[in-house]
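Open the model in your viewer and keep the sequence panel beside it. Each stop below gives a selection, then what is there.

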Amino acid sequence: EFARQRLDGINPMLIEQAVEIPEHFPVKEDMFSGLLPPGSSLQALKAQGRLFIMDYKAIAGLPVVMGRFQTAPIALFWVDDQGALKPLAIQLGQSPADAPVIFTPGDDEWLWLMARTHLQCADGTYHENITHLARTHLFMETFWVAACRTLPAQHPVYELLHPHFTGTVEINYEARNTLIVPGGPIDESIAVGSEGSLTLVARDYADWTFDDFDPTKQIETRGVGDRALLPNYHYRDDALALFDIIGRYVNDLLRIFYPDDETVRADYEIQNWVRELVEAGGWRDRGLPLQDDSVQTFADLHAIIARVIYVGSVQHAAVNNGQYEQFGYIPNTPGAMYLPPPTNRSRRSEANFVYALPTPHAVGEQLTLAHLLSQETDIPLGNYPEGFFQGDFQAQAAIDRLRDDLSQAGHHIRDRNEALKASGHVPYVYLEPHRVSRSIGV
């Protein structure tokens with residue numbers, strides 16, 4: 001289950017193929033005696049593409065609230081002969097200097113659980129601040145605010161985007177003023193508090209580029225696209241299928257208004273929109289497919305719109321909808337640990353583990369936050385307001401095709417999930433189309 005959450009939990013964005021093992025993560029073959037099949041080795045697994053790694057270096061060095069503890073772990077996983085992902089090793093820090101012991105499933109039961117839980121805590125910090133808050137809520141808002149400042153309401157791109165930002169500015173306003181402020185739920189329940197959270201968001205925005213919004217490139221970059229090497233990665237399969245559906249829909253709608261590249265280049269309002277996104281006096285978004293800060297081709301305009309709609313619907317659903325399932329059981333993913341990480345192999349007990357978990361007050365804050373953020377949508381993708389491109393028969397045909405595609409994808413996902421349940425496995429339901437909100441509204 002610990003390994004499954006790396007693939008189908010609410011932060012499926014960090015696992016990558018271990019092409020090399022970092023020098024500051026000095027795992028040795030003899031650590032895994034009895035954990036790997038006879039005749040197998042780390043080198044063999046790496047050569048076969050069956051070794052995977054997660055590195056939480058992005059959260060290293062953050063300020064931590066006094067009395068709470070946060071690590072920046074590195075973890076190693078492998079895919080067994082039955083195609084199941086399994087954990088191999090956890091280092092609770094970025095180097096042997098601050099994490100002198102590497103823990104494995106061969107360690108004492110409570111010691112291994114303690115190591116896993118410190119990693120889960122780190123994963124919760126990374127997820128809530130980077131994967132969820134920054135890379136869906138906050139970064140997406142820039143595209144809509146710029147659109148409101150540069151595109152008239154009659155513009156086809158404004159009309160296309162408008163439903164996909166229902167409630168986004170409002171929920172972000174609430175988040176900035178109630179959730180991540182001093183004394184708010186984040187401050188009270190997460191190890192790094194509000195100061196560390198805002199530091200992490202700023203740090204991530206400095207490194208983020210628009211290519212991070214492309215699931216195809218992102219999965220390829222992490223080396224996790226091969227279904228034979230990494231089966232049971234249902235987030236990958238569903239996300240790519242829905243990204244293709246959104247891409248077809250955006251192509252159908254945009255072609256009505258932009259039959260060729262010249263019509264794109266000639267649209268000064270679109271050029272004003274992207275210029276505001278990238279200029280130093282604007283949002284300073286990086287990596288948009290532009291030349292001289294302008295959109296030159298239909299393909300580039302399509303890429304921008306399709307990714308924005310995808311992130312505001314599918315990607316947000318993937319990292320939002322399961323929060324109560326993963327964070328609602330506190331020992332699975334505590335917002336903070338209240339004992340320092342183990343630095344030796346001394347035996348631990350259930351009492352050690354319990355004392356490391358959050359206080360009742362912090363538990364209440366975490367449960368409330370996780371429940372609030374996991375509300376199911378009543379405006380799923382494909383559901384548009386009355387008057388949306390009203391009277392435009394070509395646009396209505398594109399919308400009908402989108403709904404048909406989503407329906408077919410939904411049937412496929414539900415059939416797979418029924419098969420998973422029947423075989424005793426956990427179904428991956430977060431990207432069933434009827435559960436995917438068309439906008440970030442919660």
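Helix axes here are lines fitted to C-alpha atoms over the stretch in contact, and angles run from 0 to 180 degrees between N-to-C directions. Helices (H or I, at least four residues) and strands (E, at least two) are DSSP runs, numbered from the N terminus. This is a predicted model, in which local features need pLDDT of at least 70, side-chain atom pairs count only at pLDDT 80 or more, and totals for chains, interfaces and linings use all residues. Residues are numbered from 1 along each chain as its sequence is written, and side-chain values use heavy atoms, with hydrogens and water left out.

**Stop 1: helix 3 and helix 11**

Select helix 3 and helix 11. Their axes are 9 Å apart, and the helices pack at an angle of about 135°. That makes helix 3 oblique to helix 11 (under 35 degrees counts as roughly parallel, over 145 as roughly antiparallel, 65 to 115 as roughly perpendicular, the rest as oblique). The crossing is right-handed; in that term the near helix is turned clockwise from the far one by less than a right angle, and anticlockwise gives left-handed.

Now show side chains. From helix 3, Thr142, Phe143, Ala146, Ala147, Arg149 and Thr150 take part; from helix 11, Glu269, Asn272, Trp273, Glu276 and Leu277 meet them. Contact means heavy atoms within 4.5 Å. Sorted by class, this contact has five nonpolar, three polar and three charged residues. Ala, Val, Leu, Ile, Met, Phe, Trp, Tyr, Cys and Pro count as nonpolar, Asp, Glu, Lys and Arg as charged, and the others, Gly among them, as polar.

**Stop 2: helix 3 and helix 12**

Keep helix 3 (residues 109-150) and add helix 12 (residues 298-320). The angle is about 160°, with the axes 10 Å apart. That makes helix 3 roughly antiparallel to helix 12. Their crossing is left-handed.

On the helix 3 side, pick residues including His127, His132, Arg135 and Phe143. Opposite them in helix 12, the contact residues include Val308, Gly312, His316 and Asn320. The classes divide into five nonpolar, nine polar and one charged.

**Stop 3: Phe143 and the cores**

Which residues touch the most other members of the largest nonpolar core? Select Phe143, Trp273, Ile305 and Leu431: they do, in a core of 112 residues. A nonpolar core is a set of buried Ala, Val, Leu, Ile, Met, Phe, Trp, Tyr and Cys residues joined through side-chain atoms within 4.5 Å. Buried means under 20% relative accessible area, exposed over 50%, partly exposed in between (1.4 Å probe, protein chains only). Helix 3 gives the most to this core, with 16 residues.

Centre on Phe143. Beyond its neighbours within four places in sequence, its contacts include Phe165, Trp208, Phe213, Asp285 and Val308. Then look for a second, separate core of 15 residues, with Leu42, Leu45, Ile74 and Leu88 among them.

**Stop 4: helix 9 and helix 16**

Select helix 9 (residues 234-257) and helix 16; the axes come within 9 Å and cross at roughly 170°. The two are therefore roughly antiparallel to each other. From helix 9, contact residues include Asp238, Leu242, Arg248 and Tyr249. From helix 16, they include Ala398, Leu402, Asp405 and Arg416. This contact has 13 nonpolar, two polar and six charged residues.

**Stop 5: loop residues**

Jump to Ser41, in the loop between strand 1 (16-17) and helix 2 (42-48). Buried or exposed? Ser41 is buried, at 19% relative accessible area. Leaving aside neighbours within four places in sequence, Ser41 contacts Glu29 and Leu36.

Next, check two backbone angles. Most residues other than glycine have a negative phi. Asn232 has a positive phi, near 65°. Asn232 sits in the loop between helix 8 (215-222) and helix 9, and is partly exposed at 39%. Asp293 also has a positive phi, about 60°. Find Asp293 between helix 11 (268-278) and helix 12; it is partly exposed at 38%.

Move to Thr166, in the loop between helix 4 (156-161) and helix 5 (168-179). At 33% relative accessibility, Thr166 is partly exposed. Outside its neighbours within four places in sequence, Thr166 contacts Ile379, Arg438, Ser439, Ile440 and Gly441.

Finish at Glu376, in the loop between helix 15 (360-373) and helix 16 (393-422). Glu376 is exposed, with a relative accessible area of 66%. Draw a C-alpha to C-alpha distance from Glu376 to Asn320: 9.9 Å in space, 56 residues apart in sequence.
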